[in-house]
Structures are given as structure tokens and as C-alpha cells.
Amino acid sequence: MNERKKKEKKMISDEKVLQVNNLQVSFRTYGGEVEAVRGVDFDLYKGETLAIVGESGCGKSVTSNAIMGLIPQPPGIIKNGHILFKGKDLTKLTKGELRKIQGVDISMIFQDPMTALNPTLTIGEQLTEGLRTHKKIGKQEAKKRAIDMLKLVGIPNPEERLKQFPHQFSGGMRQRIVIAIALICDPELLIADEPTTALDVTIQAQILELFEEIQRKKKISIILITHDLGVVAKIADRIAVMYAGKIVEIGNKREIFYTPEHPYTRGLLNSVPRLDLEDEELQPIEGTPPDLFSPPKGCPFTARCDYAMEVCDHVYPFTNKLSEAHRVDCWLQDERAKVIKNSDRVG
Amino acid sequence: MAKYIIKRFLMMIATILIIATLTFALMHTIPGSPFDDERTSNPTIQANLEKFYKLDEPMHIQYLYYLKSIVTFDFGPSIKKPNESVNELLARGFPISFELGMVTILVALLSGVTLGTFAALRHNGIIDYTAMTFAVVGISVPNFVLATLLIQQIAVNLEWLPPATWSSPLHMILPTLALATGPTAIIARLTRSSMLEVLTQDYIKMARAKGLSPVRIVVRHALRNALMPVVTIMGTMLAGILTGTFVIERIFAIPGMGKYFVESINNRDYPVIMGSTVFYSAFLVFMLFLVDIVYGFLDPRIKLHRKEGDA
């Protein structure tokens, strides 16, 4: 196990696969404009797993859909920013150019394997259609690849299984198939949008191990969207915490888990049920995220923050760089702010 | 599969028998007899006629003769047109009605599905609003009103198309239009709403994420799933269209089955009533059976048969 971990670490190179700069995505609705993503910046290195965590509605999925080119326009609009994939700006491509990247260089795994597969097409067809569209290869060759992929994700009797329909598979098996479909064209970037949320806990562990194994074998970069900190602890290299359409804190896994600096990150970590503390009650973060129809001028977490100051209400904090990887948007980092007591920290 | 088909087939026979029995009972509860309006007939001739058509026998014997005629599919001569057998009437009228019905179904399916699909793809756009306005009009205007309007405007005023009879493909256009508009509208609305639903499904998003062309996504991934409700109503719609042809055939003077069917009831022409009803119901039941089979092909989740190991 230890040896494996070392290998994994080594694989992350300095090459940037993806750079997201100041990404802003809005949706025009009858009620007004919802600012779902309000300026997101992050880089992704080759072979790395970046987890994006946050509550429902914080913009995680919109961010990943924007990278994947799946924001329906209208009503969605990418108002600002760039998504550079290996130097190419995905926001500037035409739909046709984008389709040459979708499923080939970037692919996606969806949350619910029960609905992500088309019930009326065989697994074989759903596996091979992307391959045959993009790589222009024959039926037999595509079938061979499909069988290899099913073996890789651990589905027994792949030859026979190819002819079957989704309803003939269990939930865990379907998620394996969804993963196989995502990987069949050898993508460099895999976006997994809550890939284990809809699965049993035992299956979750298997799927996460599958991710690790695939990453070792294929050296791909993974963006993992989740609100499950257990999943994050298991497979992420870096963690970005999103709140109200912004990344409020980003850093290595150790930095986020052991020295979280943003009050929201700390709240998230505190709200995880713990088995080792028996009579302890759960500590939820009180309140709800702000309405993104009219997001607050200052820090969006102010209303729920125990350490909120006057300035938080009016001005969005600067980004403070705490280490090479660790960045946090919080006024508490300002020298003028009072120092937080150590007992408040999670550790 | 074979087992299922045999089972369904037996059920079909039972259904037809029930319909036949009901028809027989209803037919004989209508007051009057086939010979009511023939003033010249004297009692002896009438008695001989009744004897010839076995109408003097007790009801249950008549019923048995009737069942025999169904099984052998020989309904004997018509009472009103003694020189023609019911089978001959059916053989002459049915192909025409069938042609009109099938062309109508085809037109309705093709245009309805196309219209509905485009309306869904351009949701809340001009195409959508136009198509749905057309659909509301199409559903609300009865086909006989539309038929008369078409005859008056296109055939009589503009003289573009022949107003009646059934002798060339040109003659088919107006009756088909009149008959197909309603079903087209219903199919278009159904396709649109189920298409809209299907397009929001995860597997469509996944198909997009695979980088497939929009045409392939719509045709291969969306349409097949969106057509399920359309197939479901096809069975009943067929019945509607086929009975609808009776009225339309009347208006356009088309020598199909509708004419004989309606006349036979007015005349108490028992053999024709029985023959055409049994034939029609057999046809419809068979169509419904076909629809079920198609359903199974479209959606593999619907099991027509139990396989080992399946729940």
C-alpha cells in the first residue's frame, strides 16, 4: 500500500492540463439572473486529483459542466473567464470543435448511474458509439476495446454483457459501465460529478479504488465534485472548497484537513459525523447559503460566520497565499484581524 | 416469446368471441326486422325469406349458426343485396378503407413526430408556438367539419383537387388530410411533451458529453425513448381513425366499408352487421397486439416473456 502511494505521488507532474481563470457563469431565468459561478480560478496538473467540495447549489456542478461544455445556452451564459485545456480556450471554441474534445480528451462521469445510461440501447452500443464517432474505427475493433474496458473496470463476462441492456445490471455495475464509457477514448481529464453519491457505501469504496487504479494505469487528471469529505480524504490530492460560486479555500489535502483557515472549511469539517466521539452532537453550519439572484457585495459567508467583522459585509476579501498550494479568501488572514484562538481549530 | 404470442393469440380469440356475442345480442334487441320496409311482401314470402335466412329458428340455434359462420368465415348472402355475399362486400370495401386508414396513420405519425420533435428542440421558439397552435386547432376541429371545408375551398373554389370518389392518388389527398389532422395534432403534442422530458434526462447529457452529433443524440438517444407514449396511444388511435373513416368515406363518397357498415345497421341486414363487426374487431384486436409487440422492441425493459433468472 505504501509503495503504491509513493508511485501515485510521483505521477503528478508540473504540466498543467487545465487552467480555469476567473470563470463566471450565470443563468437567465424569469426571476432574474442567477450568478451560479462568480469567478473561479484553479489549475489542474497532469495525474492529479482535485476535489471540489461544497454544499448543494454552491456552483460545483456548474463549474464542471462549464469545463465539459455542457452549459445549455440559453439560459446559461459564460459571462467571463477562460478555460484553458492544454493551452486551448474551451470557451472560444465552436460547438463542432468542442465535440472533438468532448468524450475524447475530457470526459465525464455522472452522479446517478441509474439514469445516466440510455435504457433502450445495449451497453455495447453505448460504450462504442463515442469511440466510433471520434476515432473512426471499425465495429470489431471497437468491440474489442469495449471488452478491454469492461475488464478494466471489473465486469465479468464482458463479451456477453455487451449485448445486455442497462436494466440488467446492478447500480454498482452500471457505475462501472459509466466509468468505462468515460475512459474508452483515453481522456486526459476526467470529471467525476459526485460519482459515488448514489451508491451503497460498500460499492462506494470499490468505485473509489477503481478510480485510484485507473489513475495509476492511465495517468489521467481527475476533477472530483463531491460533498462527501470521506471520499475526498480517500482519493484527492488537492481540495478546493466552494461557497456561493467562489472558491474560498484551496490547498493540499493535508493543509485543508489539518490547517483549514476559512471558517466555512472549518464548519464543513466540523459537521462531519465522527465515530470516535460518542455523545457528541452533530455541529451543523447554521443558516443557508446566500441567494445568488443578488449575491452579497462582501464575503458571502458573512451571515453564517462566527467571526464576521464589519469589513466582511462590504468588501470581498483578498486572496491570501499561505503556501505554494494553499490559498484562502478571508479577512481573518489580514494582520488587522483578531487572532483566532487555537481551540477553535479542528485537528 | 412464442409462448407469449400464443397466449396473446388465445386472448384475442376470446375477445373477438365476446364482441361477436355482444353484437349478436344488441342486434337482436333492436326492434324491427330486415323485411320491415318491404311493403309489397306478403306473409308467405316473408315466411319463406325468414326461413331462408334461418330467422325463424329459436335464438340459441341462430346464435350457433352465427358462431359457425364466424369460424368458417362465411357470413352468407346479404339480405338487402341478395346477389352479393357478405364476404364479397368485405373484400371490395375493406382494401379501400384499409388504404385510407393506413395512409392516414402514416401521414399522422410522420408529420406528428417530426412536428413534435422540432417543437421540443426549439422549445418556446417560433416553431414550437406555431406547431402547438396548429395542434390545438387540429384537435379541436372535428374531421367532418374539416372535410367539408377542404372540399369547399380546395376542390370547389380553387379546383386544385377532385372533391370526391376514390380513383387516383390525387383523390386520396383531401380525405387523408381531413382524417389525419386530428391524429397528427395529438401525436405532435405527445411527442413534444415526452421529448422535452427525455431531453432533460441524464443519458442525453451523457450522450452530449460523449461529443456525439446533435442529430445522433436526437434520433438515436432521444426519439426512441420519446416515442413510447406515442406507441401506447397508437392502438386506440387506430380504432379512432378506422371508425373515423366511416364519416369521411361518406363525405367523400369513397366506396369503403363504412358505407356498408352504416347501411347494414339501418336496414337490419344481419349478416352484413355481423360480418363487418367481427371482421373489424378482429382487425383492431390484431393491431393492438402488434402495438404490444412493437412496444417490446422499442423498450427492452418491457418484458414480453419471462426469462430464467429475471425477476
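At roughly what angle do the axes of helix H4 and helix H11 of chain B cross? Keep that in mind while we look around this predicted model, starting with chain A.

Chain A has an open sheet of eight strands, and if you walk across it you meet them in the order E6-E7-E8-E3-E9-E10-E12-E11, with mixed pairing. The two ends of that walk are strand E6 (106-109) and strand E11 (319-321) of chain A, and each has a single partner strand, so one side of each is left without a neighbour in the sheet. From one strand to the next, the twist averages 20 degrees.

Now zoom in on one pair within the sheet. Strand E9 of chain A, residues 238-243, and strand E10 of chain A, residues 246-252, run antiparallel and share six bridges. If you want a place to line them up by eye, look for A:Val241, which sits opposite A:Glu249 in E10(A). Something also packs on the sheet: helix H2 of chain A, residues 60-68, which touches E3, E6, E7, E8 and E9 of chain A. The direction of H2 makes about 150 degrees with that of E7(A).

Over to chain B, and back to the opening question. Helix H4 (residues 86-121) and helix H11 (residues 257-267) of chain B have axes that come within 7 Å and cross at roughly 125 degrees. An angle between 115 and 145 degrees counts as oblique, so that is the word for how H4(B) lies to H11(B). On the H4(B) side, the contact involves B:Leu89, B:Leu90, B:Gly93, B:Phe94 and B:Ser97, which meet B:Met257, B:Gly258 and B:Tyr260 in H11(B). Sorted by class, that makes five nonpolar residues, three polar and no charged ones.

Conventions. Residues numbered from 1 in each chain as written. Chains lettered and ligands numbered in written order. Predicted model: local features only at pLDDT ≥ 70, side-chain atom pairs only at ≥ 80, totals over all residues. Pairing = 2+ DSSP bridges. Helix = DSSP H or I, 4+ residues; strand = E, 2+ residues; numbered from the N terminus. Axes fitted to C-alpha atoms, helices over the stretch in contact; angles between N-to-C directions. Contact = placed C-beta atoms within 7 Å. Parallel < 35°, antiparallel > 145°, perpendicular 65-115°, else oblique. Nonpolar A, V, L, I, M, F, W, Y, C, P; charged D, E, K, R; others polar.
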